[in-house]
Amino acid sequence: MSSVFARDPDPGPNGPAVSREQFDALFEAVRTWGRWVPADRGAWNRVTSEHVRRATALVRSGTVVPMALPWNTRPGPDNRRPALHHMTDLGEVEAPEPSTYKDFIAADYHGKGVTHLDALSHIAYQGQLYDGRTASEVVDAAGARFGAVSMLGSLVTKGVLLDLPAVRKVRWLEPGLAVHANDIIAAEKALDVTIGEGDALLLRSGQVRRRRELGAWDPDTASAGLHVDAVPLLAERGVAMLGGDGDSDVRPSPVDGVHSPVHALAVAAMGVPLLDNLDLEALSAATTEAGRHEFMLVVAPLNVPGGTGSPVTPVAIL
């Protein structure tokens, strides 16, 4: 597929451009429908007890690195639907001794402002969720009856950080820059890691650092992320999860008429849940100090029956 995409004479930073015909052929090539039971867990079915044991063996220093952004209640170009947080009890509601203090939180989390997990009910392509389920038949106002986040449970597996700014010796990748299959292979070699069956791949573009230093921008308009030509490599390696400090997709999309092509390929075709909006800055520092870019990863989403995902705080343990 990548050789076909490369025919674009002027690919631009997010290219080469991909036609719908090419994209549909790629979707068919990487899809894993009918492979697993329960299908709701998709590629998380790859992770066996042996994968968990191997992940625990990666713990050496005991360094724990959480990867969630702060709960973001401030509107901005990258936070159009701010999360909610307010106090509901200031020690006055219940009888004294002890006094109690309570609060309320809520979030329309499928955006750019909250670190979250995308379950398999979150993305449909041409009306179909993962495993060929018709979205309109299994998702309604009450939630999802297939692919809900409650069906995933928790994940413990090997995590691999591809720290692309560290590899390229830059502060960050500029928004709109595509990461290709050859970039992944080069980063593996530079960082002395190999993405394998059941692994969780985390891609650092440096977006969080860029925002802290230069301010917010609209990541729906421009963000560094994967080009679709990287997806066959990830399918071949058998990843169980994909995540990053963006939402994995390069933007603008290189695919005609598909605004989030990596989402469609990963979630709807391959059954790979996504971690969006991670803060990978502390993990970058920790892996650089440790001299290794693989670690035990723990992902424990909220148990929300019918939910299409969940706010989450993934944790890396080195």
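This is a tour of a predicted model, stop by stop, with a selection to make at each.

**The sheet**

Start with the strands. Nine of them form an open sheet in the order E1-E15-E13-E7-E9-E11-E12-E4-E14, and their pairing is mixed. Select strand E1 (64–66) and strand E14 (309–311) to mark the edges, where each strand pairs on one side only. From one strand to the next, the twist averages 25°.

Next, show E11 and E12, which pair in the parallel sense over two bridges. Pick Gly243 and then Leu275, its bridge partner in E12. Add H9 to the view: this helix packs on the sheet and touches E4, E11 and E12. The direction of H9 makes about 140° with that of E12.

**The largest nonpolar core**

Now turn to side chains. In soluble globular proteins, nonpolar side chains tend to be buried together. The largest nonpolar core here has 45 residues. Select Phe23, Leu162, Ile184, Leu226, Val228, Leu242 and Leu265, the members that touch the most others in this core. At least two residues of the core come from each of helix H2 (20–30), strand E7 (155–163), helix H6 (181–191), strand E9 (200–204), helix H8 (231–237) and helix H9 (261–269). H9 gives the most, with seven residues.

Centre on Ile184. Which residues is Ile184 in contact with, once neighbours within four places in sequence are left aside? They are Leu162, Val179, Ile195, Leu226, Ala230, Leu233 and Leu234.

A second core, separate from this one, has 25 residues. To find the second core, select Trp44, Leu202, Met241 and Leu297, which are among its members.

**Two cis peptide bonds**

Switch to the backbone. Most residues other than glycine have a negative phi, and most peptide bonds are trans. Select Gly15 and Pro16, which are joined by a cis peptide bond with omega about 10°. Pro16 sits in the loop between helix H1 (2–5) and H2. Then select Arg251 and Pro252, where another cis peptide bond has omega of about 10°. Pro252 belongs to the loop between strand E11 (241–244) and H9.

Stay in that E11–H9 loop and select Gly257. Is Gly257 buried or exposed? Its relative accessibility is 65%, so Gly257 counts as exposed. Display Ser19 as well: the two residues are 238 apart in sequence, yet their C-alpha atoms are 8.6 Å apart in space.

**Two positive phi values**

Select Asp131, in the loop between strand E4 (116–118) and helix H4 (135–138). Asp131 has a phi near 70°, a positive value in a residue other than glycine. With 17% relative accessibility, Asp131 counts as buried, because the cut-off is under 20%.

Move to Asn277, in the loop between strand E12 (274–276) and helix H10 (281–290). The phi of Asn277 is also positive, near 65°. Asn277 has 2% relative accessibility and therefore counts as buried.

**Last stop: Ala107**

Select Ala107, in the loop between strand E3 (101–106) and E4. Ala107 counts as partly exposed, at 29% relative accessibility. Show Trp71, Ala83 and Val114, which Ala107 touches when residues up to four places away in sequence are not counted. Finally, select Arg81: its C-alpha atom is separated by 7.9 Å from that of Ala107, with the two positions 26 residues apart along the chain as the offset.

Terms used: Residues numbered from 1 in each chain as written. Predicted model: local features only at pLDDT ≥ 70, side-chain atom pairs only at ≥ 80, totals over all residues. Heavy atoms only, no water. Core = buried A, V, L, I, M, F, W, Y, C linked by side-chain atoms within 4.5 Å. Buried < 20%, exposed > 50% of the residue type's maximum accessible area, 1.4 Å probe, protein only. Helix = DSSP H or I, 4+ residues; strand = E, 2+ residues; numbered from the N terminus. Contact = heavy atoms within 4.5 Å. Pairing = 2+ DSSP bridges. Axes fitted to C-alpha atoms, helices over the stretch in contact; angles between N-to-C directions.
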